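Hi,

Here is the model I promised to pass on. Have a look at it first, and then read my notes below.

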Amino acid sequence: MKVCPLCNAIYDGHRWVPEPDEALRKEAARRNPAKEKCPGDLRIERRQVEGVVTLKGDFLQTHKDDLMNLVHRVERKGRSRNVAARLMSVTENDHQVVIETTDDHLAERIGKEVEKAFKGELAIKWQEKDRFVRVTWTRG
Ligand SMILES: [Zn+2]
């Protein structure tokens, strides 16, 4: 058993559990597991960006909170499936929000969920060789 010192994810011997329930947390405390960074935090440390999502357009100005709530919901859901899928950074300015992710599929999913919830225009561009995707969502 291992525990991530940064996000408290627990490795139970088979897989990393991002949001361990109380039973697992108690068992971990009892066993005094080694501290080891989980794959998500390792990717953040290495600055391993696999996806960039850009949200822009006038709609963003009036609905930024709704959009960001959705982005964080998608991240939480993605992370429960893949502990390595995380948001690395969120940068906002007057015109756009730029989100870097540690997982290409997470970036794609964020774009698709935003489009599903708020319509707008979605462009998804995969880079040929590497695992990298650029996702741009626009709503005027
Ligand atoms: Zn972690």
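What follows is a short run through the overall fold, then helix 4 and its surroundings, then two residues with a positive phi.

First, the ground rules. This is a predicted model, so local features need pLDDT of at least 70 and side-chain atom pairs count only at pLDDT 80 or more, while totals for chains, interfaces and linings use all residues. Residues are numbered from 1 along each chain as its sequence is written.

Overall fold: the chain has four helices and nine strands, where helices (H or I, at least four residues) and strands (E, at least two) are DSSP runs numbered from the N terminus. In sequence order they go β-β-β-α-β-α-β-α-β-β-α-β-β. The C-alpha atoms fit a box of roughly 55 × 35 × 25 Å along the principal axes. Of the 140 residues, 28% are buried; that label takes 20 or more other C-beta atoms within 10 Å of a residue's own, exposed takes 12 or fewer, partly exposed is in between, and C-beta atoms are placed from the backbone. Among contacts between residues at least 6 apart in sequence, 64% join residues at least 24 apart (a contact is two C-beta atoms, placed from the backbone, within 7 Å).

Now helix 4, residues 104-118. From first C-alpha to last, its 15 residues reach 21 Å, close to the 21 Å expected at 1.5 Å a residue (the expected span is 1.5 Å times one less than the number of residues). Its buried residues are Asp104, Leu106, Ala107, Arg109, Ile110, Gly111 and Val114. They pack against strand 5 (51-56), helix 3 (58-81), strand 7 (96-101), strand 8 (121-126) and strand 9 (133-138).

Strand 8 itself is hardly covered, with zero buried residues among its six. It runs antiparallel to strand 9, joined by six bridges (pairing needs at least two DSSP bridges between two strands). Alanine 123 sits opposite threonine 136 of strand 9, and a hairpin of six residues connects strand 8 to strand 9.

Finally, the backbone angles. Lysine 119 is not a glycine, yet its phi is positive, about 60°. You'll find lysine 119 in the loop between helix 4 and strand 8, and it counts as exposed, with 11 C-beta neighbours inside 10 Å. Arginine 47, also not a glycine, has a positive phi near 55°. Arginine 47 is in the loop between helix 2 (39-45) and strand 5, and is exposed, with 10 other C-beta atoms within 10 Å.

Cheers
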